[in-house]
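Open the model in your viewer and keep the sequence panel beside it. The tour goes stop by stop, with something to select at each one.

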Amino acid sequence: MLLVSEVVTRLGLGNRPAVFLVPTMQGLKTVNKKAVSGRGGALHRHFQQVVANHARGLGYQADKEHRLADGGSVDVQLAREGTKVEAEIAIHSRFGKELPN
């Protein structure tokens, strides 16, 4: 049973590695805690950047925290040759909660 996941990022001082131990849903359940809600934490921003950088390497334009016409926002919008793709980054939330986004 996996209770935490180790995530290595470049969020340390001077772009040095910083390691985060992120509780899994099972880990949170084990200690009777709910997932932290909200957005914009360090891991969330890290993965937004990873997605944006990778997409740019594939020739996409990438816009983080892109505002949508309906007033909402999406974590990363990718665009290339008339095609747009929106990506939501979810650290603790489940697929069903993110699907409407």
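Two residues are in contact here when heavy atoms lie within 4.5 Å of each other. Keep that cut-off for the stops below. This is a predicted model.

**Whole chain**

Start with everything displayed. The protein chain has three helices and five strands. Colour by secondary structure and follow the order from the N terminus: β-β-α-α-β-β-β-α. Of the 101 residues, 26% count as buried. Turn on the surface next. The protein chain exposes about 7,400 Å², and carbon and sulfur atoms supply 55% of that. Now think about sequence range. Among contacts with a separation of 6 or more, 28% are between residues 24 or more positions apart.

**The nonpolar core**

Select A52, A55, A62, V76, L78 and A87. These six residues make up the largest nonpolar core. Helix α2 (42-57) and strand β4 each supply at least two residues of this core. Centre on A52. What does A52 contact, once neighbours within four places in sequence are left aside? The partners are A62, K64 and V76. Of these, A62 and V76 are also listed in the core.

**D75**

Move to D75, in strand β4. Is D75 buried or exposed? D75 counts as buried because its relative accessible area is 5%, and the limit for buried is under 20%. Show what surrounds this aspartate. Beyond four places in sequence, D75 is in contact with H44, Q48, D63, K64, E65, A87, E88 and I89. Two names on that list are worth holding on to. A87 belongs to the largest nonpolar core. E65 is the next stop.

**Two glutamates with positive phi**

Select E65, in strand β3 (residues 61-67). Check the backbone: phi of E65 is near 50°, a positive value in a residue other than glycine. E65 is partly exposed because its relative accessibility is 31%, and partly exposed runs between 20% and 50%.

Now select E81. Where does E81 lie? E81 is in the loop between β4 (73-80) and β5 (83-87). Phi of E81 is also near 50°, again a positive value outside glycine. E81 counts as exposed because its relative accessibility is 78%, and exposed means over 50%. So one of these glutamates sits in a strand, and the other in a loop.

**T9**

Go back towards the N terminus and pick T9, in strand β1 (residues 4-9). T9 is buried, as its relative accessible area is 3%. Label the partners: T9 touches R16, P17, A18, F20, L43 and H46, not counting residues up to four places away in sequence. Then draw a distance from T9 to A42. Their C-alpha atoms are 9.4 Å apart in space, while 33 residues separate them in sequence.

**The nonpolar surface patch**

Finish on the outside. Select M1, L3, V4, V8, V19 and L21. They form a nonpolar patch on the surface, with about 610 Å² of accessible area together. Strands β1 and β2 (18-23) are the elements that give two or more residues to this patch. M1 comes from the segment before β1. With a relative accessible area of 79%, M1 is exposed.

Conventions
Residues numbered from 1 in each chain as written. Predicted model: local features only at pLDDT ≥ 70, side-chain atom pairs only at ≥ 80, totals over all residues. Heavy atoms only, no water. Helix = DSSP H or I, 4+ residues; strand = E, 2+ residues; numbered from the N terminus. Buried < 20%, exposed > 50% of the residue type's maximum accessible area, 1.4 Å probe, protein only. Core = buried A, V, L, I, M, F, W, Y, C linked by side-chain atoms within 4.5 Å. Patch = residues over 30% accessible without salt bridge, like charges linked within 9 Å, V, L, I, M, F, W, Y side chains within 5 Å. Areas by Shrake-Rupley, 256 points an atom, 1.4 Å probe, with all protein chains shown as cover. Salt bridge = Lys/Arg side-chain N within 4 Å of Asp/Glu carboxyl O.
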